Amino acid sequence: MSRAADEASLIGRIAARDMTALRALLARRQVRVFRYILRLVGNAAVAEELTNEVFLEVWRNAGNFDGIGSAASWILSIARHRAVSSLRKRCEESWDQEAADALHDMGDNPEVAAQKANKGAIMRRCLDALSPEHKGIIDLVYYHDMSISEASDVLQIPENTVKTRMFQARKRLSKLLKEAGIDRGWP
Amino acid sequence: MTQQAADVEREEIEKLLPWYVTGTLDCAERARVESYLAGSPHVCAQLDLIRAEREQAVFANEALGSPSAGALDRLMASVPTARPSLSRRVTRGSPFQRVANFLTAPTARGVRWTAFAAAVVVVLAAAITCLLVRHGDTYQTAVGQSRGDGVSALIAFEDEARAPAIARLLVEFDASIVDGPKPGGVYRIRLRTAVRPQSERDALLRRLAERRDIVRIVLPSRD
C-alpha cells in the first residue's frame, strides 16, 4: 500500500473512532504540521496549540474526508486555515516589509556578520523574511513535497495560481538575496 | 514562434521547474519540461538555483524541532471529550465483544474503572520510587538517557562523496544516521558524545563541517 493510500486508510479508521489510527497518524504527521504552522505564525507555543486543534479537527471531521485529494494535503489545508485565522489581524504586506527591514537592521550584529560568510545561512534568513503567503508555498513545495494539485488543495486556489505564486515567491527570494549581497543572475 | 510566444513558453516552463526538481510533475508535464530543457541549456542553470533553495528550505524546517511531549499529552487528553454520543455504544453481543466494548468505549462505568486503575498505577509508582530512594539507589529515566546522550545535527553530503568515505567519517565522529534521507538529501545524525558545553558542541559541528570533501553542510538540530 502506498503512503498516501495508507494515510487515507488511517483517516477512515479515525472516522470510525479508532484511537490507534489517530496515534499512527500523529506519529507520521504531527511534527510536519507543527513545523508548517510554526513557519507561518512564528511562535512555538501558538504553533503547538494550533497543531493540537488541527488533529482534534481531524478526529472530529475524519468522516468528511472525501479521499479525492491526499490525506496530507487535507490535513495541511486545515493547518493553513488555523494558522491564517491566527494571523488574521496581521497585515501580510506590512509583515513582509517588517521582516525585510529586520533583515537589514540586523546587519551590524556580529553573529550576522559571521553568517554572511555562509551563503546557506543568508538564504535561510531570506526565506524567513518572505511573507507568510510566499513562505507557505515554498515550504509546501520544497519541504512537504506537494504536487501542484496538492498545493492547490491546501491553499484552496487554482493550479495556475499555485504556479504563479511559487514563481513570485522565488523572484521575491532572489530580490532579498540581492539586497543581502548575493546576485543569483535570476530573474 | 514569435518572441512574445517564446517568452510565454519560457515563463510557463520556469514556473514548472520547482516541481520538476522535486519529482512531482505528472508524466506529460515532465516530458514537456525535459523537451524544453534539451534545447535551452541556459534554463538548465535554474535547476541548481532551485536545488539550493530546496536544500535550505529543508534545513530551515528541520531546524525547527518538534512539539513538546506535553503538547501530545494535552491533545490525547482532549480527544475523548471530542467523541460524539459515546454513552450509546453497543452493549450487546458476545462476552468478548462486551469486553472489547468496555475497553474501548469510555462509558461512565469504564471511566470510573480506568480512573481507579490509573490511581493504583500512580500509588505503585510512588511506592517503587520511595523504595529506590530509601535504599540509596540511583536511576535515570529512559527519556533522560536519550536526550542527554549526544549531539543531534542535520547534514547533507557532497554529491561526489562515496559511501565508504561517509561511513569512515561517521565512525571517526562516533555518529550514526538516525533519520533520512529527507527532501533535498538531508539526513539527521546523532554524535554519541558526552554532554558538553554549547561552545564545545558547536566546535564539534564546525570540525565536521570542515570536511568539505564529504560534507556539503551541517547544522545543529533541536531533536
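How many salt bridges are counted between chain A and chain B? The count is 6, a salt bridge being a side-chain nitrogen of Lys or Arg within 4 Å of a carboxyl oxygen of Asp or Glu. This is a predicted model, in which local features need pLDDT of at least 70 and side-chain atom pairs count only at pLDDT 80 or more, while totals for chains, interfaces and linings use all residues. Residues are numbered from 1 along each chain as its sequence is written, chains are lettered from A in the order in which they are written, and side-chain values use heavy atoms, with hydrogens and water left out.

Select A:Arg170 and B:Glu53. Their side chains form a salt bridge, 2.8 Å from N to O.

Next, select both sides of the interface. Chain A contributes 41 residues and chain B 44 residues to the contact (heavy atoms within 4.5 Å). The two chains bury about 4100 Å² between them, 64% of it on carbon and sulfur atoms; buried area is the accessible area (1.4 Å probe) lost on putting two parts together, summed over both. A:Arg35, A:Arg124 and A:Tyr142 supply 17% of the area that chain A buries against chain B.

Now show H7(A) and helix H3 (residues 41–62) of chain B; helices are DSSP runs (H or I, at least four residues), numbered from the N terminus. The pair packs at an angle of about 75°, with axes 9 Å apart; axes are lines fitted to C-alpha atoms over the stretch in contact, and angles run from 0 to 180 degrees between N-to-C directions. H7(A) is therefore roughly perpendicular to H3(B) (65 to 115 degrees). Among the residues making this contact are A:Met123 and A:Arg124 of H7(A), and B:Glu53 and B:Phe59 of H3(B).

Note on methods: Helices (H or I, at least four residues) and strands (E, at least two) are DSSP runs, numbered from the N terminus. Angles under 35 degrees count as roughly parallel, over 145 as roughly antiparallel, 65 to 115 as roughly perpendicular and the rest as oblique.
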